[in-house]
Amino acid sequence: MNNPLIEPHELPPFLSIRVEHMVPAISQILAEIREGLEIILKKEPYSYHSVVKAQEELEDRLHQAWSPVSHLNSVANSPEIREAHGQCLTLITDYSTEVGQNRPLFEAYRTISESAEFDSLPQADKKVVENALRDFRLSGVDLPAADQKQFTELARQISALHTTFNNNVLDATQAWQKLITDKDQLSGIPETALALMQQAAEVDGQEGYLLTLDAPCYLAIVTYSVDRSLRQELYTAFGTRASDLGPGAGEFDNSEVMAELLSARLKQARLLGFENFAELSVTRKMARSTQDVLDFLEDLALKSRHHAQKELLEIAEFAAEQDDLPKLEPWDIPYYAEKLKKAAFDVASEELRPYFPVPKVLNGMFEVVRRLFDIEVVSVADMPVWHDDVLTYEIRKEGAPLARFYVDLYTRSNKRGGAWMDDCRVRRLDAMGQLRLPVAYLTCNFTGPVGDDPALLSHNEVVTLFHEFGHGLHHMMTQITESAVSGINGVAWDAVELPSQFMENFCWQAESLSFISGHYQTGEPLPEDLLKNLLLAKNFQAAMMMIRQLEFSLFDFRLHVNFDPDSENQIQEILDRVREEVAVVSPPAEYAFQHGFSHIFGGGYAAGYYSYKWAEVLSADAFAKFLEDGIFNRQTGEKFLCTILEKGGSEEAIDLFVAFRGREPEIDALLQADGLA
Ligand code: ZN
């Protein structure tokens, strides 16, 4: 059988890829990689070229086949693709685990790092070897046999506990529901949310409105329900999910799961020679030490807490004025905050849509990068696509191509929700010394065009598009030729959002909004009063949001620094202390948010939740330089390009930042941007 996923192609041949190609292609390529690695390891003496580059060449074939499979699974899903994708994913995960534990391969990398050749290697090549050695060690390859066995056992246990945690949260969420038949009881709730609740009742064979703890329903109730007791009921049910309190108490309790997870993580970290799990987490990050992270979070809290207290007071005063509310409870906050926002700024996001038609926004975005980096984005027609809506572009500098990308903007029934950038091809020099250019997928889920009018975006959607394009630029503007540190590859997790959040800033500047926006009928840019309110509303309750994120981040981080399996009730104690120091809103005693904190107990953000704020500081501080020099200053743009975007993961993120800014990052710019200075 001819298999387009196995044959070499410059771009994925989307028109000829079929489901039945997927599993055979991945299986065959993996078998060839395994064989190839054995041959590589037989050829001594080892050199960068004979081992590292040869492994890259083998694995690039896997990437070329896997990238369209995983992309199609996200944007053109079907039960058949999901099945094939799942099988491929298992095969690839097994391969990755195997490579991480491949001792001869690890020894080969070590030999190279200790050879005379190493010192003369370019910086990017050195970084590839150093990162690989670090990752080998963190996979336990270097441990004595007995420890290695325990390490692998712990890894399995941790993975199973993640699943249990997530399942408990899901089951507890689904176990709660409430049917309301009298529409008057749902006064204040927007029509779109009501329609969802009605639909949920119908699906369940009932009549009326079915309330659930799923995010859209939960948020609609606590933000809009005029009925205070209903808000309290939902707030309490949501906040006690998967705990020993509240509705369905004890049935899906995560208490034990959390304690076991923290113990297993601590054991793994200790086996690898770390003091605690947080220390292990920061070895792969931009932050230099656990103290670095704690100082950072505590400093931000210190500087924003009094602002948050002031904001809370404003809501309380507004609530007292509006409804004679004697005491503002946690379930009143989203409700009155929303009312206050409307009273203060009168920003209706629907009103802005006519000013953001897709063609205008795309051209405006390309104009932003033309001014910043002197690059041209040109529409091209020769790239095969998976759907008629997909737009295709090439980035050029002085006429020469640098990269290509796909833009898939609109929501479809067989497309995963959300927005993301993904890597289709990575910039690299191949084994024949030929340069391969990067290719990116930008995927969003905006509402498509209606009739003959272009699709009209909300301002939020415009920000999302700029964000993903920022990731795309990081991937596509790279000048690095080694896959493992080219573009977004190998960039520390707490620094990877720098270019994306940086690009968002251009959606909040009058100078750029003047050409990003234009009424789809008249071409007129965003009127003064709308622009003014949009910019004013940006920082509405920024301090309260900041404090909430800091509360989560500090809890996560201190938990992974201080957890002691021999001490009772530690999780609650650590949380209570963080709240005492940082929070401005105290939830009731039975509120057990940690039991549903899937980021850190059900996934990869353990001792890493702080990364969100960390990257925000980087992007705000980087953009502050543009505010100082003029947002389209060419020298500043060029410097950002060659110190951050072009370098990818080839150097430490902190060094790149310092090279751009001339100093280490400071939190002041973020406080300024959030109106908290
Ligand atoms: Zn992002």
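Reader: Is Glu 497 buried, partly exposed or exposed?
Author: This is a predicted model, so the value is computed from its atoms. Partly exposed runs between the cut-offs of 20% and 50%. Glu 497 falls in that class, with a relative accessible area of 25%.

Reader: Which residues coordinate the zinc ion?
Author: The donor atoms sit at 2.1 to 2.7 Å. Two are NE2 atoms of histidines, and Glu 497 gives OE twice. The residues are His 467, His 471 and Glu 497.

Reader: What is the geometry of the site of the zinc ion?
Author: Four donors count as tetrahedral if all angles lie between 85 and 135 degrees. Here the angles among the four donor atoms are 51 to 139 degrees. The site is therefore classed as irregular.

Reader: How many residues apart in sequence are the parts that His 471 and Glu 497 tie together?
Author: The donors follow the spacing H-x3-H-x25-E along the chain. His 471 lies in helix H17, residues 459–476, while Glu 497 lies in the loop between H17 and helix H18. So the pair ties together parts that are 26 residues apart.

Reader: Is Glu 482 buried or exposed?
Author: Glu 482 lies in the loop between H17 and H18. Its contacts include Tyr 48, Lys 53 and Arg 427. Buried means under 20% relative accessible area. Glu 482 counts as buried, at 6%.

Reader: Which side chain makes a polar contact with the side chain of Glu 482?
Author: The cut-off for a pair of N or O atoms is 3.5 Å. The contact of Glu 482 is at 3.0 Å. The partner is Thr 481.

Reader: Which helix gives the most to the largest nonpolar core?
Author: That core has 120 residues. Phe 405, Phe 466 and Phe 506 touch the most other members. One helix, residues 290–323, gives 11 residues, the most to this core: H13.

Reader: Where is the cis peptide bond from Glu 44 to Pro 45, by the loop that holds Pro 45?
Author: Omega of this bond is near 0 degrees. Most peptide bonds are trans. Pro 45 is found in the loop between helix H1 and helix H2.

Reader: What is the relative accessible area of Glu 398?
Author: Glu 398 is found in the loop between strand S4 and strand S5. Its phi is positive, about 45 degrees, although Glu 398 is not a glycine. Exposed means over 50%. Glu 398 is exposed, at 75%.

Conventions:
Residues are numbered from 1 along each chain as its sequence is written. This is a predicted model: local features need pLDDT of at least 70, side-chain atom pairs count only at pLDDT 80 or more; totals for chains, interfaces and linings use all residues. Side-chain values use heavy atoms; hydrogens and water are left out. Donors are N, O and S atoms within 2.8 Å of the metal (3.2 Å for Na, K and Ca); water is not among the atoms, so sites may look incomplete. Four donors count as tetrahedral if all angles lie between 85 and 135 degrees; four count as square planar and six as octahedral if opposite donors are over 155 degrees apart and all others between 65 and 115; anything else is irregular. Helices (H or I, at least four residues) and strands (E, at least two) are DSSP runs, numbered from the N terminus. Buried means under 20% relative accessible area, exposed over 50%, partly exposed in between (1.4 Å probe, protein chains only). A polar contact is a pair of N or O atoms within 3.5 Å; within protein, one must be able to donate a hydrogen and the other to accept it, and residues adjacent in sequence count only if both atoms are side-chain atoms. Contact means heavy atoms within 4.5 Å. A nonpolar core is a set of buried Ala, Val, Leu, Ile, Met, Phe, Trp, Tyr and Cys residues joined through side-chain atoms within 4.5 Å. Lists of a residue's contacts leave out its neighbours within four places in sequence.
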